[in-house]
Amino acid sequence: MHNIGQEKRFQIFGHIVMVIITLCAILPLLLLLISSITDNDVLIRNGYSFIPEKISFYAYEYIFTSGNSVVHAYMISIMLTIIGTLLGLTITTLMGYALSKPFLPGRNVLTFIVFFTMLFNGGLVPTYINYSNVFNIKNTFFALLVPSLMMNAFNVLMMKSYFVTGVPDALLEAAYIDGATEFRAFFSVALPLAKPIVATIGLFIGIGYWNDWMNGYIYLTKRTDLYSIQNLLNRMIQNIQFLMQNSSTISNANQGLASIPSVSVRMAMAVVGVLPIIIVYPFIQNNFVKGITLGGVKG
Amino acid sequence: MAKAHYKKKMSPAQRKSLMKRSIPIYIMALPGLIYLFINNYMPMPGIVLAFKNYKAKDGIYGSKWAGFKNFRYLFSTQDAFVITRNTICYNLVFIVVNTFFAVMVAIILSELVAKIKKFYQSVILLPYLLSAVIISYLVFAFLSAENGFVNNTILKAFGVNPISWYQEKKYWPFILVFVNLWKGIGYNCIIYLSTIIGIDRGYYEAASIDGATKWQQISKITLPLLRPTIIMLTLMAVGRIFYSDFGLFYQVPQNSGALFPVTNTIDTYVYRGLLELGDITMSAAAGVYQSLVGFVLVLVANLTVRKLDPDSALF
């Protein structure tokens, strides 16, 4: 009997702690959402608040009707995420599969080439000079697509160990005996069995592309028309900071502030930027958790 | 050894068939290798830039050697100390705080019986998927001097004067630790949770029959069995102690100059040197400092892990 009372107390305590932490996780997003549908004048008077005095969807109307850069940046982000994920997933899967072949001469050397990139890197400065002076990708779509996001050693090694443990050699051997080429064996035997890991790593890569702001921030110095939604959001919040820090030149500030979307539009844009993640989250969640567990300690 | 021996003894026919099987595999690896070459290996020799007087028109390799001059400059400034201190100290605090809360949440989640625990877990993982830019908006909604929730609602309710959050550096160590915890707790607790789920329930049943309290079960069974995982993850984090989350330290404080003393890390310093101040050689020197010390730390951390538990080691 003693134990039952104690168990009950623990359960209640556990729920209290988890409710507090869960609220901490969700409340900032809720504030964002509520602010975006609060009337702009109310926001200026009361600040961002959880209780909207007056609701207005003007911010969303403004974003989607005024033909401004938001929709355009959204399209760039979507295109970037799709192309990047497809390319990244292709080269990661192929490479992981190649490294999983025990008979391959030089396999250890190849694995080391992949692995070494986890230990050492040239750093931002040489990377920047390499991409801008050697490959001239500054101010092109490639600047968003290529640097750092497409493939990383961690994903390749995760893919490799899945092929080693999750795809039985016997099945592949059977395919060879039936006269399948390496490519055929890969596409018709190995790939279907590796679907879970392909989905998980595709998810990691896709989220990486959707959330990335650094590539655009570093390499798109002139072509603001190539800005992804993250870059656009970033520039907006920076403009606000910049104007506030340099408010001594008041006439300029007023001019600038007039061109910045109002207080509610700002939050509405952030909601639009985060929406795809929230929408797909319930569907991808399990896969994502599995991926983290797979990466486990090595992450 | 045996393998090499075996290879030497292959007949020409066997060798031919091995090559025939291997060539398609090499072709499969090729796109990935090209990418690694462009993205990772081509920049690597560029670290010599830190030992040069960089002139853009001469390029990295054409510029004149400068020996350790750039490093002498870097370490003669206050900056070198500040960015090293910030990077290491924040990481140490992150490790302690994140581990404590992640283990606590993982234990609670594992013990709860109600279905709603799945919901808790989903929600606390969500912040991990948000970009640094979005997080900076969320923080801004709370801390903006004019429109922020904290100044307009919380402080007002207590009759406290508004605070210019983005100008006052004393609050930022706490804000950054909190934001980092908020973002990472869901991710970190998943790994601990999966370890706990792997523990044999028999231990708990036996302990319960013997009259062990809940706290005794946690401290005598769960925590000791979690210890190897905690040690491994901590060592891995120590190996990365010279690297910081650029988005957290650059975006969340919105690059506010007044906050640099407490928000400047090696990564933000390298970035600002390169793209805001145009001080490329200094930036390169700091980058090399990070790469080399970081490399040594990863090696040391991994050697330690390998001593403790060879299966968890990276190599």
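**Note on the predicted two-chain model**

1. A:Met269 is a convenient place to begin, since, leaving aside residues up to four places away in sequence, A:Met269 touches A:Ile63, A:Val70, A:Leu233 and A:Met236. The model under discussion is a predicted one, and the remarks below should be read with that in mind.

2. A:Met269 also belongs to the largest nonpolar core, a set of 152 residues in which A:Val125, A:Leu233, A:Met269, A:Ala270, B:Tyr137 and B:Cys189 touch the most other members. Helix α4 of chain A, residues 69-99, supplies the largest share of this core, namely 12 residues.

3. On confidence, the predictor assigns the complex an ipTM of 0.89 together with a pTM of 0.90. Chain B has a mean pLDDT of 89, with 97% of its residues at 70 or more. A reservation applies to residues 1-6 of chain B, where pLDDT stays under 50 and where the model has zero contacts beyond four places in sequence.

4. As to the overall make-up of chain A, its secondary structure consists of 15 helices and zero strands, and 40% of its 299 residues count as buried. Among the contacts in chain A with a separation of 6 or more, 70% are accounted for by residues 24 or more positions apart.

5. The contact between the two chains draws 82 residues from chain A and 78 residues from chain B. On the side of chain B that touches chain A, α2(B) gives the most, with 13 residues. That side of chain B comprises, by class, 50 nonpolar, 25 polar and three charged residues.

6. One helix pair within this contact can be described in detail: the axes of helix α5 of chain A (residues 107-119) and helix α2 of chain B (residues 12-41) come within 11 Å and cross at roughly 35 degrees, and the crossing of α5(A) and α2(B) is left-handed. On the α5(A) side the residues that meet the partner are A:Leu110, A:Ile113, A:Val114 and A:Thr117, and on the α2(B) side they are B:Ala29, B:Leu36 and B:Asn40. The residues of this contact divide into five nonpolar, two polar and no charged.

7. Helix α9 of chain A, residues 169-177, lies largely in the open, because the number of buried residues among its nine is zero. A:Gly179 follows α9(A) and has a positive phi, near 95 degrees.

8. Two residues of chain A deserve a look at their backbone angles. Most residues other than glycine have a negative phi. A:Asn139, which is not a glycine, nevertheless has a positive phi near 60 degrees, and A:Asn139 lies in the loop between α6 (124-134) and α7 (141-145) of chain A. With 16 C-beta neighbours inside 10 Å, A:Asn139 counts as partly exposed. A:Ser148, likewise not a glycine, has a positive phi of about 60 degrees and is found in the loop between α7 and α8 (153-166) of chain A. A:Ser148 counts as partly exposed because it has 15 C-beta neighbours inside 10 Å.

9. A:Ile292 is located in helix α15 of chain A, residues 263-295, and counts as buried because it has 20 C-beta neighbours inside 10 Å, the cut-off for that class being 20 or more. The C-alpha atoms of A:Ile292 and A:Phe204 are separated by 9.8 Å, although the two residues are 88 residues apart along the chain.

10. A:Gln238, placed in helix α13 of chain A (residues 229-245), has 15 C-beta neighbours inside 10 Å and therefore counts as partly exposed. Between the C-alpha atoms of A:Gln238 and A:Val280, which are 42 residues apart along the chain, the separation is 29 Å.

11. In chain B, B:Tyr203 sits in helix α10, residues 201-209. Since 15 other C-beta atoms lie within 10 Å, B:Tyr203 is partly exposed. The C-alpha atoms of B:Tyr203 and B:Thr222, 19 residues apart along the chain, are separated by 9.5 Å.

Notes: Residues numbered from 1 in each chain as written. Chains lettered and ligands numbered in written order. Predicted model: local features only at pLDDT ≥ 70, side-chain atom pairs only at ≥ 80, totals over all residues. Helix = DSSP H or I, 4+ residues; strand = E, 2+ residues; numbered from the N terminus. Buried ≥ 20, exposed ≤ 12 C-beta atoms within 10 Å, placed from the backbone. Core = buried A, V, L, I, M, F, W, Y, C linked by C-beta atoms within 7 Å. Contact = placed C-beta atoms within 7 Å. pLDDT = per-residue confidence, 0-100. Axes fitted to C-alpha atoms, helices over the stretch in contact; angles between N-to-C directions. Left-handed = near helix turned anticlockwise from the far one by under 90°. Nonpolar A, V, L, I, M, F, W, Y, C, P; charged D, E, K, R; others polar.
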